[in-house]
Amino acid sequence: MKWNLKTISFVFLTSSLILASCKKEGCTDPEATNYSEEAKKDDGSCQFETPQADAQVLMNFFANNQTAAVQTFTIDATAASSITGSQGTVFNFYANSFVDASGNDVTGNVTIELIEIYGKKDMMFLNKQTIGNNNGTLEPLISGGEFKVTASQNGNEVFLKDYYQYSADVQAPNGVDANMEIFYQSSPGDDTLVWSAADSSLIWGQGTVYNAYFDSLGWVNCDYFMGQAGPYTEVDIEVPNGLNNQNCAMFISFDGYNSLTNVYGYSNSVFSTGPSYSLPVGMNIHIIALAFINNTPHAAIVPVTIVDNHYEVIGSLTATTEAQLTQDIQNLP
């Protein structure tokens with residue numbers, strides 16, 4: 001066979017067409033907002049690869065928000081001192097009220113670190129739930145403010161002296177509630193907060209301010225139990241494949257209450273409030289799922305009225321921004 005320029009051009013063009021017809025063409029699906037790669041299978045159907053949600057990025061999100069929330073003050077340990085947080089909480093310390101790890105009185109400057117949490121957005125972004133231990137049963141709490149107060153000198157932790165207290169003026173923009181009590185952290189670590197009521201609560205209020213006395217540093221909380229009448233039920237929440245309780249955080253926001261809880265129970269793509277706690281049938285809530293995919297927050301916020309043996313299916317999480325997520329949480333009832 002003789003080859004000429006026309007024959008070579010025909011063969012090259014034919015080969016290119018064959019290769020092009022064999023190549024998988026990209027395809028898009030307007031409903032698939034949480035996928036980063038797509039391709040066509042050989043049979044022409046769409047094939048999507050779901051990127052894995054990143055557990056470490058989620059953990060860093062909570063940790064970084066907590067670090068950013070820390071406010072630092074310097075006081076004189078030998079003098080009565082007062083500090084005011086950025087959200088208006090005032091803490092008053094008595095003179096000579098701190099000791100070191102050996103029990104010796106502390107003199108000189110002491111560093112006070114403070115975190116203030118008043119609303120659902122900070123409860124969620126810092127992963128600080130409002131759930132308390134009520135005689136062995138976990139129940140949601142209605143919060144009047146969560147605070148972390150720690151003291152140190154030259155990088156070494158110092159402690160509140162036995163039988164000493166410090167006082168706080170806690171903001172109550174919606175007015176005080178006679179049911180308010182004092183709670184302290186009862187869980188072992190910062191990542192999962194469970195609260196226990198103080199042996200005796202020294203808290204009262206007038207107008208838009210609570211006056212409280214705390215006898216412990218660390219996490220303290222002004223709360224009272226939600227105490228809704230039964231019947232109660234567990235809530236199960238199914239999430240898309242690939243999400244679990246390591247790379248996805250699940251929250252419940254209670255409509256009309258300053259209260260937000262986590263959902264930790266998990267098995268086979270289903271989060272569950274049980275056996276930790278149950279919720280009143282008929283209550284209106286918002287379920288919030290949060291994960292990070294390709295370093296981008298993805299969320300689902302689902303309004304729900306709880307029914308008996310409630311089972312909710314979250315079909316997908318939608319890409320968002322921290323600013324938009326902040327606004328969405330602040331807009332919750």
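**Group meeting: a walk through a predicted model**

In the hairpin formed by strand 14 and strand 15, two residues sit between the strands, and Gly-207 has a positive phi near 65°. I start there, but please keep in mind that this is a predicted model. The two strands of that hairpin, strand 14 (residues 202–206) and strand 15 (residues 209–214), run antiparallel and pair over five bridges. At the turn end, Gln-206 is opposite Val-209 in strand 15.

Now the overall picture. There are four helices and 27 strands in the protein. Of its 333 residues, 43% are buried. If you take the contacts with a separation of 6 or more, 70% of them join residues 24 or more positions apart. The exposed area is about 17,000 Å², and carbon and sulfur atoms supply 48% of that.

Next, one of the sheets. This one is open, has four strands in the order 21-22-18-26, and its pairing is mixed. Which strands are at the edges? Strand 21 (265–267) and strand 26 (310–313) are, since each of them pairs on one side only. From one strand to the next, the twist averages 20°. As a general reminder, strands of a sheet pair through backbone hydrogen bonds, in either the parallel or the antiparallel sense. Here, strand 18 (residues 235–238) pairs with strand 26 in the parallel sense, over four bridges. Within that pair, Glu-238 stands opposite Val-313 of strand 26.

On to the nonpolar interior. The largest nonpolar core contains 61 residues, and Phe-91, Phe-98, Ile-112 and Phe-214 have the most contacts inside it. Strand 24 (residues 284–293) gives the largest share of this core, five residues. Another core, of 26 residues, lies apart from it, and includes Met-123, Met-124, Phe-251 and Leu-260.

Then the charged pairs. How many salt bridges does the structure hold? There are two. One joins the side chains of Lys-161 and Asp-105, at 3.1 Å from N to O. Lys-161 is in the loop between strand 10 (156–160) and strand 11 (166–171), while Asp-105 is in the loop between strand 6 (98–99) and strand 7 (109–117), so this salt bridge ties together parts that are 56 residues apart in sequence. Are its two partners buried or exposed? Lys-161 has a relative accessible area of 19%, so it counts as buried, the cut-off being under 20%. Asp-105, at 51% relative accessibility, counts as exposed, because that requires a value over 50%.

The other salt bridge is between the side chains of Lys-121 and Asp-122, at 3.3 Å from N to O. Lys-121 is partly exposed, with 23% relative accessibility. Asp-122 is buried, at 18%.

Last, a residue that leads back to Lys-161. Ser-97 is in the loop between strand 5 (90–93) and strand 6. What is its relative accessible area? For Ser-97 the value is 1%, so this serine is buried. Setting aside neighbours within four places in sequence, Ser-97 is in contact with Ala-77, Phe-159, Leu-160, Lys-161 and Tyr-164. Lys-161 therefore appears twice in this talk: as a contact of Ser-97, and as the partner of Asp-105 in a salt bridge that ties together parts 56 residues apart in sequence.

That is all I have.

How values were computed
Residues numbered from 1 in each chain as written. Predicted model: local features only at pLDDT ≥ 70, side-chain atom pairs only at ≥ 80, totals over all residues. Heavy atoms only, no water. Salt bridge = Lys/Arg side-chain N within 4 Å of Asp/Glu carboxyl O. Buried < 20%, exposed > 50% of the residue type's maximum accessible area, 1.4 Å probe, protein only. Core = buried A, V, L, I, M, F, W, Y, C linked by side-chain atoms within 4.5 Å. Pairing = 2+ DSSP bridges. Axes fitted to C-alpha atoms, helices over the stretch in contact; angles between N-to-C directions. Contact = heavy atoms within 4.5 Å. Areas by Shrake-Rupley, 256 points an atom, 1.4 Å probe, with all protein chains shown as cover.
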